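Biologist: Could you take me through one part of this model in detail, namely its nonpolar core? I would like to know which residues make up the largest nonpolar core, and which elements supply them.

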Amino acid sequence: MRIMMAHDHTDRPNAYSHLAGHEVSTWSEEWRHECEVAYLAGLTAPKLSVMLDGVAGSTDREERGIKGVRGEAAVAALRAEIARFRQLTAQ
């Protein structure tokens with residue numbers, strides 16, 4: 001018999017999220033998104049393009065980019081979030 005224990009989430013740290021505008025749990029989806037956008041925002045323009053759009057003409061699964069995995073709408077949303085993140089952190 002397996003007993004399920006309730007997890008105590010009170011000891012999980014918070015961090016300031018520029019995108020959310022307040023502290024969020026570092027275990028949250030908001031923080032995961034913040035980290036993804038911060039990483040992408042730090043890439044050079046050519047590397048960001050490859051990461052988002054993939055390598056043109058490639059059939060390699062690893063080179064399909066975020067667009068090849070999540071689709072065009074997700075990439076458009078990420079581009080907007082990257083621009084917003086850069087603006088928020090430039091102040």
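Modeller: The largest nonpolar core has 12 residues, namely Leu19, Val37, Leu40, Ala41, Leu43, Leu48, Leu52, Ile66, Val75, Leu78, Ile82 and Phe85; a nonpolar core here is a set of buried Ala, Val, Leu, Ile, Met, Phe, Trp, Tyr and Cys residues joined through side-chain atoms within 4.5 Å, and buried means under 20% relative accessible area, with exposed over 50% and partly exposed in between (1.4 Å probe, protein chains only). At least two residues of this core come from each of α1 (29–41), α2 (45–53) and α4 (72–90), and α4 gives the largest share, four residues. Helices (H or I, at least four residues) and strands (E, at least two) are DSSP runs, numbered from the N terminus.

This is a predicted model, in which local features need pLDDT of at least 70 and side-chain atom pairs count only at pLDDT 80 or more, while totals for chains, interfaces and linings use all residues. Residues are numbered from 1 along each chain as its sequence is written, and side-chain values use heavy atoms, with hydrogens and water left out.

Within the core, Leu40 lies in helix α1 and counts as buried because its relative accessibility is 1%. Neighbours within four places in sequence set aside, Leu40 is in contact (heavy atoms within 4.5 Å) with Leu48, Met51, Leu52, Ile66, Leu78, Ile82 and Arg86. Leu40 and Phe85 are 45 residues apart in sequence, and their C-alpha atoms are 10.0 Å apart in space. Val37, with neighbours within four places again left out, is in contact with Leu19, Leu78, Glu81, Ile82 and Phe85.

As for the chain around this core, the protein chain has four helices and two strands, which run β-β-α-α-α-α from the N terminus on. Of its 91 residues, 22% count as buried, and among contacts in the chain with a separation of 6 or more, residues 24 or more positions apart account for 36%.

Another buried residue is Ser17, with a relative accessible area of 1%, and it lies in strand β1 (residues 14–17). Not counting residues up to four places away in sequence, Ser17 touches His22, Val24, Trp31 and Glu34, while its side chain reaches the backbone nitrogen of Ala20 at 3.0 Å.

Technical notes. Polar contact = N/O pair within 3.5 Å; in protein donor to acceptor, adjacent residues only side chain to side chain.
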